[in-house]
Every structure is written in C-alpha cells, then in structure tokens.
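Hi everyone, thanks for making time this morning. Let me put the structure up on the screen, and then we can walk through a few spots together.

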Amino acid sequence: MDKVVVTVDELKKMIRNNEEDKIDEIDIVTSATCGIMSGTMAVFYIPIGERFRKAEKIYMNGIEGHVGPCPNEFLGSVDAVVFGTTYNGNYGGGFLFKDLIAGKEVDVKVESEGKTFEKTLTLDEIPTARMIGTRMAFKNYVAVTNLGDPVKTIFHRRMLQKGEVSFSGCGELNPLQNMKVDEKELLGKRILLNGSEGVILGFGTRHSEKKPNIMISADMHEMDPYYLGGFITSGGVEIFNTIAVPIEVNEENKEYLKTLDEDIGLPLTNVIGREIIDNGKYSEAWEGAEFRPRVNVHRCRNCDNCNAEKMCPTKAIKRIDHLGGRRLPNEDCVGCGVCVDSCPYGIYQMKRNSVLRIPVTCRQSDRERALKLAKELKKRIEKGEFKP
C-alpha cells in the first residue's frame with residue numbers, strides 16, 4: 001500500500017480549516033527550513049597533481065581552508081576543511097560552496113615548503129566533497145533588536161539600528177517543531193540537505209533540551225545550488241542552507257505536528273548580551289508576510305551605483321540588459337527585505353511584519369525555499385526515489 005504523504009504546509013492548512021482529524025489518514029509529513037546556519041563546513045579531498053611533501057596552507061577562490069588531518073605525503077593531493085563562515089571581503093564559504101555546486105571553476109592554491117602549487121578545478125574533479133552541518137535546523141530561534149547605538153552584527157546586512165528587528169526561523173515549518181526530539185530516533189535518519197540525500201549524525205553543537213538542533217552530513221555533488229549560498233552581514237559573511245526532513249505520523253509526533261505559528265514563541269533579545277526583553281510569537285513575524293519583494297521597475301533611475309545591488313546580502317540584484325541595465329533580483333533572492341530600505345526611490349516593497357510592534361527590517365530565513373524542498377521531498381517519496 002502506498003504511503004500518504006503531505007507537505008508540512010498542506011498539513012497546517014488542514015489544521016487551520018478545522019480538519020485536523022485528517023492527520024489520522026496521513027503516514028508522512030515532509031517538513032523543511034531554510035536560513036543562516038553558521039555551523040557549516042565542507043570536507044574535501046582535492047587532487048593537485050604536482051607532488052609536494054605536505055600541504056601547509058590551502059585557499060579556494062581566496063578562501064582559506066584547514067589542511068588535514070591526513071598529510072597525503074608526496075601524493076600531490078590535499079585533504080582540507082573549509083568553513084562556511086570563512087570569508088575574504090564580501091566573498092565567503094557559502095558563496096564558494098554555491099559556485100562549486102553550480103559547476104563553476106574554482107582556483108585552488110596550495111603552499112608547501114615555500115612553494116605554491118595552483119590548479120583550477122570543478123566539483124566534478126574533486127572526488128570527495130561532503131558538507132557537514134555541526135548545528136542545523138534549530139527548533140527555535142530568537143528575534144534580535146538593539147537598545148543602544150548602531151552595531152555591526154551577523155544578524156543584519158547593515159549595522160543594526162535602535163528600534164528594528166531581525167529574526168530567523170521558519171516557525172511552524174521547522175522539522176524539529178513537528179516531532180518528538182529523541183536522538184536515538186534521529187540518529188541515521190535520512191533527510192535532504194540542499195537537495196542532496198544525507199543523514200542525521202545526532203544532536204549538534206550547542207544542542208540543549210530547550211533549543212535542540214541536529215548535526216547533518218550530505219554529498220555536495222548531489223546538491224542543488226538554489227538551496228544554499230552566502231549571506232553578507234555587517235559582522236561578516238554567513239551561509240544559508242535548506243533542510244527537509246520526513247516525519248512519521250505516529251502517536252508521539254501527532255501533537256507536535258498540530259503546532260501552528262501562533263503556538264510558537266519568538267523571544268525578543270538585545271543584540272548586546274542576548275538578554276530576553278520580551279516574548280513574541282512566530283505568527284507576528286510570518287502571518288500575511290510576503291516572501292519576496294514586489295518590484296516597480298518603472299521607478300528605477302538606473303543609478304551608476306545602485307545601493308540595493310550593493311546591499312543585497314546574497315548578491316541577487318543584477319543588471320538586466322533588456323531593461324536598459326536596470327537591476328532586478330534573481331533566484332538567489334532569499335526575501336530578507338534589506339532592499340526595501342536600500343533604494344531611495346522605493347523600487348522594492350514587501351510586507352515584512354513586526355515582532356512585538358517593532359518593525360522587521362531583515363529576515364534571515366526563507367519560507368519559499370523551505371516549502372519548495374518540502375515539496376521536492378514529497379515527490380521523491382511518492383516516486384520511490386527516497387525511502388524515509
């Protein structure tokens with residue numbers, strides 16, 4: 001008998017329509033989240049060709065990696081780890097990983113005993129490329145505001161001003177919001193990480209009973225570049241990922257699966273010290289919010305120095321030749337909303353909501369990508385391409 005599979009969005013709509021009894025007819029719910037996940041790294045085995053005794057340093061498109069642990073002595077190859085949050089200017093590990101997965105060439109430089117060895121490679125030429133998320137898919141996040149002077153922070157593209165909010169988390173879509181969090185049950189569970197089939201390795205770093213998260217691993221060769229990338233902040237360059245998890249509808253998970261945004265707390269914290277100021281709800285942040293900006297291209301003055309293009313955290317705003325060089329966001333847009341305040345001519349408009357009556361000016365999670373990967377996982381299960 002085929003299993004009945006629904007996406008988490010389809011399930012939540014049933015519950016809002018007072019059809020929660022239908023949950024008894026469902027076998028699997030595909031849940032998902034997308035957002036900044038700082039605890040991301042990639043493990044590579046990189047063939048260089050020219051033989052050297054032992055690599056001492058390695059750079060990929062100017063991003064410094066960490067050599068080892070295996071020395072690969074006189075083999076002309078390097079084992080290396082690159083962090084998603086390492087950056088050089090406005091180019092970071094998240095952008096590097098996206099470029100690799102998109103099939104772009106990457107310049108690799110190895111230093112050994114005073115000599116430099118260089119090679120240009122694509123992901124297809126790198127035999128091992130495995131992403132490991134040391135802490136991903138937190139069950140719950142916080143909203144961040146500022147009570148003092150403007151401050152540089154990883155929670156906003158620009159300096160966070162007094163009287164504004166940045167927040168993370170997909171709320172009722174988040175996998176760990178929809179299941180009983182038991183490490184024995186999670187260990188080895190198959191998931192999708194950026195479109196690639198991977199596994200849960202257990203609880204992640206900074207896991208706690210109140211704020212659980214998971215450690216994940218998947219092969220980068222099978223990933224879709226749409227689901228990940230870099231995210232520039234005023235405090236450095238971060239990385240975002242998208243994760244989808246199949247959840248079995250059983251007695252233990254049923255009550256969790258009925259959780260809605262209005263049931264999920266969203267603490268408001270001060271960016272300095274992270275003390276909790278007050279407690280809001282995810283419904284404040286997401287109910288009726290638009291996932292992407294509306295663009296009025298006719299307002300565009302085609303400025304030589306486009307501030308929205310400059311400030312876009314994911315570098316999604318690009319010149320469009322057939323529009324006379326005017327800029328529009330492409331599919332790299334994550335709906336953060338930063339462009340709304342960046343263009344002085346009001347080209348970009350988006351309903352971004354507020355938390356505890358403080359306006360949201362930066363959103364670091366993307367429901368549109370999360371919903372798309374949840375649908376993709378449902379499709380693979382129904383086709384027999386993914387076995388939960």
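I'll go through a small sheet, then a loop, and then some backbone angles. Please keep in mind throughout that this is a predicted model.

Let's start with the sheet. It is an open one of 4 strands, in the order S5-S4-S10-S11, and the pairing is antiparallel. Which strands stand at the edges? Those are S5, residues 63-64, and S11, residues 115-121. Each has a single partner strand, so one side of each is left without a neighbour in the sheet. If you look at the S5 end, strand S4, residues 57-60, is joined to S5 by 2 bridges, and the two run antiparallel. To find your way there, look for Met60, which stands opposite Ile63 in S5.

Next, please move along to the loop between strand S6, residues 66-67, and strand S7, residues 77-83, where you'll find Asn72. Is Asn72 buried or exposed? Its relative accessible area is 8%, and buried means under 20%, so Asn72 counts as buried. What does its side chain make a polar contact with? The partner is the side chain of Asp79, at 3.1 Å. Leaving aside residues up to four places away in sequence, Asn72 touches Tyr45, Arg53, Ser77, Val78 and Asp79.

Stay in that loop for a moment, please, because the loop between S6 and S7 also holds Pro69. The peptide bond leading into Pro69 from Gly68 is cis, with omega near 10°. As a reminder, most peptide bonds are trans, and most residues other than glycine have a negative phi.

That second point brings me to two more residues. Ala137 has a phi near 55°, a positive value in a residue other than glycine. You'll find Ala137 in the loop between strand S12, residues 128-136, and strand S13, residues 143-145. Then there is Arg206, also not a glycine, with a positive phi of about 65°. Arg206 lies in the loop between strand S16, residues 196-203, and strand S17, residues 214-219.

How do these two stand in terms of accessibility? Ala137 has a relative accessibility of 1%, so it counts as buried. Arg206, on the other hand, is at 59% and therefore counts as exposed.

That's my tour, so thank you all for listening, and I'm happy to go back to any of these spots on the screen.

Key. Residues numbered from 1 in each chain as written. Predicted model: local features only at pLDDT ≥ 70, side-chain atom pairs only at ≥ 80, totals over all residues. Heavy atoms only, no water. Buried < 20%, exposed > 50% of the residue type's maximum accessible area, 1.4 Å probe, protein only. Polar contact = N/O pair within 3.5 Å; in protein donor to acceptor, adjacent residues only side chain to side chain. Contact = heavy atoms within 4.5 Å. Pairing = 2+ DSSP bridges.
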